[in-house]
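Reader: Hi! I'm in my first year and still learning to read models like this one. Could you take me slowly through one part of it, and then show me what lies around that part?

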Amino acid sequence: IYALVRNVTIGCRSGTVEDKFATCSSLTNLALKGSVRSFVPEEKTGAPGLRLEIDSTGLTLKAWASVNLRELVLNGTGNRLQSLYFCTGLETLTLTGSAIFERTAFDSFSTMRCRALSRVNVPDVATWLNMSIDDYHANPLYLKADLYVGGERLTDLRVPDSAGRIPALSFYGYEGLTNAVLGSSVEEIGADAFWGCSQLSKVAFGQKLGSIQDEAFQGCKALQGVELPNSVRSLDYATFGMCTSLCSADLNRLEEMVGGAIGLPKTCDIRVSPDNPVYSLEDGVLYARNKSVLVRYPWERTELVLPSSVTEIFSGAFIGSQITSLTLPDAVEKVWAEAFQFSNIREIRFGRNLRELMMFAFPGSPVTRVIFEGDAPRLIRNDVRPNLDKLFGPADAPWWTCNRADLTVFVDKASKG
């Protein structure tokens, strides 16, 4: 008779439910009501296309291997998704309260198993922002699942004013997002929050925003413009890295950028508030600290003109540059990592006062000739060849490094290095 049962609803008091449904081969709807603390479905529980609804608080979903499970509904808060990666038929996940996505939620380290997962349902945006996501592999949006809010596929994000922050990894890899308006109360955007949102073209920031963390908008290839409110005073590493369509950036009163914060090879219009205490613009060139640091040189220019005040070349200063032969003036003492990333530079000549050349200065650039007019910097002074990886990127990653087959490094014979 159990083979004929299709719908089962159980009220739970003890909090523990043992799976006794393996023989219910026609079971398509199973609801566990009350407060479930423990439940592990067996591999053949129910019929193919099983819908499972659980009322729970603090339930840990561990070692689930139900191949018949197609839809999972979790009602309650604090539920921990730990290992569902053998639920190969899971297509829909519905969450009515907060949940914790652990590193191995959908992934067994060696392979993605939940490839059928295509839809995540939440009642509102606030509910999704209350999720805790340990790792990008644990984010179902990274698995190409679409996020549905109130029954509608999310493309236009409107963060409620009640939200004070956008947690890390919230929309990591979500390709359905095209527009985002952040609430007026949002003060922080976590690391990787919008990483890889390749269709995101517009973002509006609130006036209370103070912090945007590492790689928050990395790889948002459709993003066209950024206007930072006056409240934002610093940008972390690669905040807007590889935003290849970005053609305008208003930095307003920004006071600090970590290396690679704005990786904009096609930026054509950078604006800075006239009373900015750190950054300044002159003829389209972005400087910092009284023009002692070159932050960004227009990528489309083919010749270099720098004032004698420049002593440092910042990360990303020449990213995507069209210059093929570059001579840095003697005043330059330091070159930051990734300063010439993905540029067209083939030959570069450093002046006599260069003291520090940081690792990975030229990744992705076709450099074949490097000349040091003075002492070679400490990084490669003693032994040039074994340290090429430190300058140009790993030799086993050709997409990242320059072509070193014909690379020649010259150090002035009269120098002591």
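Author: Happy to; we will begin with one strand and its partners, and then move on to a serine, some rings and a few other strands. This is a predicted model, in which local features need pLDDT of at least 70 and side-chain atom pairs count only at pLDDT 80 or more, while totals for chains, interfaces and linings use all residues. Residues are numbered from 1 along each chain as its sequence is written, and side-chain values use heavy atoms, with hydrogens and water left out.

Let's start at strand 30, which covers residues 347-350. Strands here are DSSP runs (E, at least two residues), numbered from the N terminus. In a regular strand the side chains alternate between the two faces of the sheet. Strand 30 shows this nicely: Ile 348 and Phe 350 point to one face and are buried, whereas Glu 347 and Arg 349 point to the other face and are not buried. Buried means under 20% relative accessible area, exposed means over 50%, and partly exposed is in between (1.4 Å probe, protein chains only).

Now look at the partners. Two strands pair if DSSP finds at least two bridges between them. Strand 28 and strand 30 run parallel and are joined by three bridges; here Ser 325 has Glu 347 of strand 30 as its bridge partner. Strand 30 also runs parallel to strand 32 (residues 369-372), with four bridges joining them, and Arg 349 has Ile 371 in strand 32 as its bridge partner.

From strand 28, step back to the loop between strand 27 (312-313) and strand 28 (325-327), where you will find Ser 321. With a relative accessibility of 1%, Ser 321 counts as buried. A polar atom of its side chain lies 3.2 Å from the backbone nitrogen of Ile 323. If you leave aside neighbours within four places in sequence, Ser 321 is in contact (heavy atoms within 4.5 Å) with Trp 299, Arg 301, Ser 343 and Asn 344.

Arg 301 leads us to the rings. Its charged end sits over the ring of Tyr 297, 5.8 Å from the ring centre. A charge sits over a ring if NZ of Lys or CZ of Arg is within 6 Å of the ring centre and within 35 degrees of the ring normal. You can find another such arrangement at Lys 334, whose charged end sits over the ring of Trp 336, 4.1 Å from its centre.

Tyr 297 also belongs to a cluster linked by ring pairs, together with Phe 318, Phe 340, Phe 350, Phe 362 and Phe 372. You have met Phe 350 already, as one of the buried side chains of strand 30. Rings of Phe, Tyr and Trp (its six-membered ring) pair if their centres lie within 6.5 Å; planes under 30 degrees apart count as stacked, over 60 as edge-to-face and the rest as tilted.

The structure holds 17 aromatic pairs. One of them is the stacked pair of Tyr 136 and Tyr 172, at 5.1 Å centre to centre with 25 degrees between the planes. Tyr 136 lies in the loop between strand 10 (132-133) and strand 11 (146-149), and Tyr 172 in the loop between strand 14 (165-166) and strand 15 (179-181), so the pair ties together parts that are 36 residues apart in sequence. Tyr 136 is partly exposed, at 29% relative accessible area, whereas Tyr 172 is buried at 6%.

Those loops point us to two more strands. Strand 11 pairs with strand 9 (residues 119-122) in the parallel sense over four bridges, and with strand 12 (residues 152-153) in the antiparallel sense over two bridges. Tyr 148 is the bridge partner of Asn 121, and Tyr 148 also has Arg 153 in strand 12 as a bridge partner. The hairpin of strand 11 and strand 12 has two residues between the strands, and Gly 150 takes a positive phi near 60 degrees there.

Strand 15, finally, belongs to an open sheet of three strands in the order 13-15-17, with parallel pairing. Strand 13 (156-158) and strand 17 (202-204) are the edge strands, each pairing on one side only. Strand 15 and strand 17 pair over three bridges, and Val 181 stands opposite Ala 204 in strand 17.

Conventions. A polar contact is a pair of N or O atoms within 3.5 Å; within protein, one must be able to donate a hydrogen and the other to accept it, and residues adjacent in sequence count only if both atoms are side-chain atoms.
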